[in-house]
Amino acid sequence: MKIKEVDLPGVGRKYSADLSDGTLLTVIIHHSGRREIYLMDSPDEDEPSSIISLSDEESRKIGSIIAGSDYQPVTDDRLAVLMNNLYIEWLNVEAASPLAHKSIRDSRVRSTFGVTIIGIQRGEKIIGSPEADEVILPNDLLMVVGRRDQIKSLDDLCGEDGTCRIPGGWQP
């Protein structure tokens, strides 16, 4: 992408870029720090389809977000490698489960199985990134992340009668 720069005497500076979708993006930075952003549906248009005006402070914050200073997205290649061995599953907590009525910390799910609870659906309520002291209740759906074998071990934890099948008689 090529960016054209033009000084605007008495106003500031203008930057224009032809975007990959055929639109033209123009940013005018005023001497006062105010920014105006214009989006043209094509470089030949005279009237912008969108105009945004930002203060200096707003521009800097939005600019840092766009530059990725707050959040770095994971590329598809890196995500594929990471997710190659990790899975996210929903597991139902039955009333007879030894996990029922225990906090996440006390359940020792992570230290015993290597699985992390990343969310809980409790009826209509979703608890994202639950705290370690969050109590697991019967009928909760646990969103867990881990390797397939780790998740299967946790899922197989208890039979219909609540008897643990884990060797060594694991109890949370």
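## Note on the predicted model: two sheets, a core and a pocket

1. **Overall content.** In the protein, residues 24 or more positions apart account for 43% of the contacts with a separation of 6 or more. This is a predicted model. The protein has 172 residues, and 30% of them count as buried. Its secondary structure comes to 5 helices and 11 strands.

2. **The five-stranded sheet.** One open sheet holds 5 strands, in the order S1-S2-S3-S4-S5. The pairing is antiparallel. Strand S1 (3-8) and strand S5 (50-54) are its edge strands. Each of these pairs on one side only. From one strand to the next, the twist averages 15°.

3. **Helix H1 on that sheet.** Helix H1, residues 56-67, packs on the sheet. H1 touches S4 and S5. The direction of H1 makes about 110° with that of S5. Beneath this contact, a pair of strands deserves its own check.

4. **Pairing of S4 with S5.** Strand S4 covers residues 35-40 and pairs with S5 in the antiparallel sense. The pairing runs over 5 bridges. For a register check, take Leu 39: its bridge partner in S5 is Ser 50.

5. **Pairing of S3 with S4.** S3 and S4 also run antiparallel, joined by 6 bridges. Here Leu 24 stands opposite Met 40 in S4. The two strands form a hairpin with 4 residues between them. In that hairpin, Gly 33 takes a positive phi near 100°.

6. **His 31.** Is His 31 buried or exposed? His 31 sits in the loop between S3 and S4. Its relative accessible area is 61%, so His 31 is exposed; the cut-off is over 50%. It still has partners further along the chain. Leaving aside neighbours within four places in sequence, His 31 is in contact with Leu 8, Gly 10, Val 11 and Gly 12. Take the last of these: His 31 and Gly 12 are 19 residues apart in sequence, yet 5.0 Å apart in space, C-alpha to C-alpha.

7. **The largest pocket.** About 310 Å³ of space lies in the largest pocket. Its lining is made up of Leu 25, Val 27, Ile 29, Arg 35, Ile 37, Leu 54, Ser 59, Ile 62, Gly 63 and Ile 66. Strand S3 (24-30), S4 and H1 each give two or more residues to this lining. Which element gives the largest share of the lining? That is H1, with 4 residues.

8. **The four-stranded sheet.** A further open sheet has 4 strands, ordered S6-S11-S8-S9. The pairing is antiparallel here too. Strand S6 (87-92) and strand S9 (125-128) stand at the edges. Each has a single partner strand, so one side of each is left without a neighbour in the sheet. The twist averages 20° from one strand to the next.

9. **S6, S11 and helix H5.** S6 and S11 pair in the antiparallel sense over 6 bridges. Asn 92 has Leu 141 as its bridge partner in S11. H5 packs on the sheet and touches S6 and S11. The direction of H5 makes about 5° with that of S6.

10. **The largest nonpolar core.** This core has 16 residues. Val 115, Ile 117, Leu 142, Val 144 and Leu 154 touch the most other members. Two or more core residues come from each of helix H4 (109-113), strand S8 (116-122), strand S11 (141-146) and helix H5 (148-155). The general background is familiar: in soluble globular proteins, nonpolar side chains tend to be buried together.

11. **Leu 142 as a core member.** Leu 142 is one of the residues that touch the most other core members. What is Leu 142 in contact with, leaving aside its neighbours within four places in sequence? The contacts are Glu 89, Trp 90, Leu 91, Val 93, Leu 99, Ile 117, Gly 119, Ile 120 and Ile 136. Among them, Ile 117 is also listed with the core residues that touch the most other members.

12. **Phe 113 in H4.** Phe 113 belongs to helix H4. Its relative accessibility is 9%, and the cut-off is under 20%, so Phe 113 counts as buried. Phe 113 and Gln 150 are 37 residues apart in sequence. In space, the C-alpha to C-alpha distance between Phe 113 and Gln 150 is 5.6 Å.

Conventions:
Residues are numbered from 1 along each chain as its sequence is written. This is a predicted model: local features need pLDDT of at least 70, side-chain atom pairs count only at pLDDT 80 or more; totals for chains, interfaces and linings use all residues. Side-chain values use heavy atoms; hydrogens and water are left out. A nonpolar core is a set of buried Ala, Val, Leu, Ile, Met, Phe, Trp, Tyr and Cys residues joined through side-chain atoms within 4.5 Å. Buried means under 20% relative accessible area, exposed over 50%, partly exposed in between (1.4 Å probe, protein chains only). Contact means heavy atoms within 4.5 Å. Two strands pair if DSSP finds at least two bridges between them. Axes are lines fitted to C-alpha atoms, for helices over the stretch in contact, and angles run from 0 to 180 degrees between N-to-C directions. On a 1 Å grid over the protein atoms alone, a cavity is a set of points where a 1.4 Å probe fits but cannot get out, and a pocket is an open set with protein on both sides within 12 Å along at least five of seven lines; lining residues have an atom within 4 Å of a point. Grid points are joined across faces, edges and corners, and a volume is the space filled by probe spheres set on the points.
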